Amino acid sequence: MRARPLSHPNPAVGALIVRDGRVIARGWTQAGGRPHAEAMALDAAGDRSDGATLYATLEPCAHTSSRGPSCTSLIASSRLARVVAGVVDPDPRTAGQGLAAISAAGIVAEHIGNSTCSASLAGYLTQRQQGRPHVTLKLAMSLDGCIAMASGESQWITGQSSRAHVHSRRAMADAILVGGETWRTDRPSLDVRLPGLEDRSPQRLVLTRGAAPEGVTAIAAPDGIRNLADVQYLYIEGGAQTAAAFLQADLVDRIELYRAPIVIGEGRMGVGDIGLAQLADAHDRWLLTERRQLGTDSYEAYDRTRAPALPSRARNT
């Protein structure tokens, strides 16, 4: 996660070199996409990598770039004994060729199909396989599902711990989006205000058919996120209708729900109509993957359950 989102347009890969049961070096993709994680780990390990195992979340790249040698060639010229990759790279310039070349160099090469590695690369894999960013919808609401009073007053539903956690999530996104009504009403800054992470503020987007304010990009419809080629992680905040629009279009991959221990009653609901025809259609779509307490608030994360997508284009440089 250290590389996210600074590594874009390259994936945020992590690598470890292990020898005699001990981690001797770590690496992660650097800002701007170079050096790659494997190169960082090999450089940190030096001669200690002789006979060791390199673990990488993504298959080492097999293509030569003007920005540096391929990780496969670096590994092939090393004295590693074994390489283990969690995910095969969907980039057709690698797509199994990296592991094959490493094996041809006399180094044991394995792909283990690890779901944790896939989750850590969700933005890259979603962009390359589905042609759009990985979308997280953030909802902060009361116990009865309200995001504001009937008057529109919404500051603050959740407590300080939850709000700090939201800023940490913003810092891991390439772009952040709110609805047009939320923008016009609240004029949110949509930045990161955690000490030391202020420079991680994501690109700002607004869902509107009108003109975007200066410094903000307008998206006319949810499907417009397919034009965000360099955005791997999109974070959506604000607007019941915006939330509903993305859910109805089935473009939400993760819901992060912050629930405050308050009851509002007649207030504004967190999600509008998503066009659900019958209750049965609502089941078996979301899987609880994380839960924690944030002060007096609760936090839950749900991932959308989908069939695996087919590989397509990629831009790992």
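This note sets out points on the fold, the annotated residues and one strand residue of a predicted model.

1. Overall dimensions. The C-alpha atoms of the chain occupy a box of roughly 70 × 45 × 35 Å along the principal axes. The radius of gyration is 22 Å, which agrees with the value near 20 Å that a compact globule of 317 residues would have.

2. Domains and secondary structure. The chain is split into domain 1, covering 14–122, and domain 2, covering 132–304. Their centres, taken over C-alpha atoms, are 35 Å apart. The secondary structure of the chain amounts to 8 helices and 15 strands.

3. Burial, surface and contacts. Of the 317 residues, 47% count as buried. The exposed surface of the chain is about 15,200 Å², and carbon and sulfur atoms contribute 51% of it. Among contacts with a separation of 6 or more, 73% are between residues 24 or more positions apart.

4. Annotated positions. An unreviewed UniProt entry lists a "binding site" that includes Ala140, Trp156, Thr182, Asp186 and Gly239. The same record also lists Ala240, Gln241, Thr242, Ala243, Ala244 and Ala245. Thr242 and Ala244 are taken up in the next two points.

5. Thr242. This residue is part of helix α8, which spans residues 240–248. Its relative accessible area is 6%; since buried means under 20%, Thr242 is classed as buried. Leaving aside residues up to four places away in sequence, Thr242 touches Leu177, Val178, Gly179, Leu207 and Ile236. With Gly179 there is also a polar approach: the backbone nitrogen of Gly179 lies 3.5 Å from a polar atom of the Thr242 side chain.

6. Ala244. Helix α8 also holds Ala244. At 1% relative accessibility, Ala244 is buried. Residues up to four places away in sequence again being left out, the contacts of Ala244 are with Val271, Gly272, Asp273 and Ile274.

7. Arg304. Strand β15, residues 297–304, contains Arg304, and 304 is also the number at which domain 2 ends. Is Arg304 buried or exposed? Its relative accessibility is 16%, so Arg304 counts as buried, the cut-off being under 20%. The side chains of Arg304 and Asp250 are joined by a polar contact of 3.0 Å. Beyond residues up to four places away in sequence, Arg304 touches Asp250, Val252, Asp253, Arg285 and Trp286.

Conventions:
Residues numbered from 1 in each chain as written. Predicted model: local features only at pLDDT ≥ 70, side-chain atom pairs only at ≥ 80, totals over all residues. Heavy atoms only, no water. Helix = DSSP H or I, 4+ residues; strand = E, 2+ residues; numbered from the N terminus. Buried < 20%, exposed > 50% of the residue type's maximum accessible area, 1.4 Å probe, protein only. Polar contact = N/O pair within 3.5 Å; in protein donor to acceptor, adjacent residues only side chain to side chain. Contact = heavy atoms within 4.5 Å. Domains from an automatic or database assignment. Rg over C-alpha atoms; globule rule 2.2 N^0.38 Å. Areas by Shrake-Rupley, 256 points an atom, 1.4 Å probe, with all protein chains shown as cover. UniProt positions renumbered as here; feature names shortened; annotations may be inferred.
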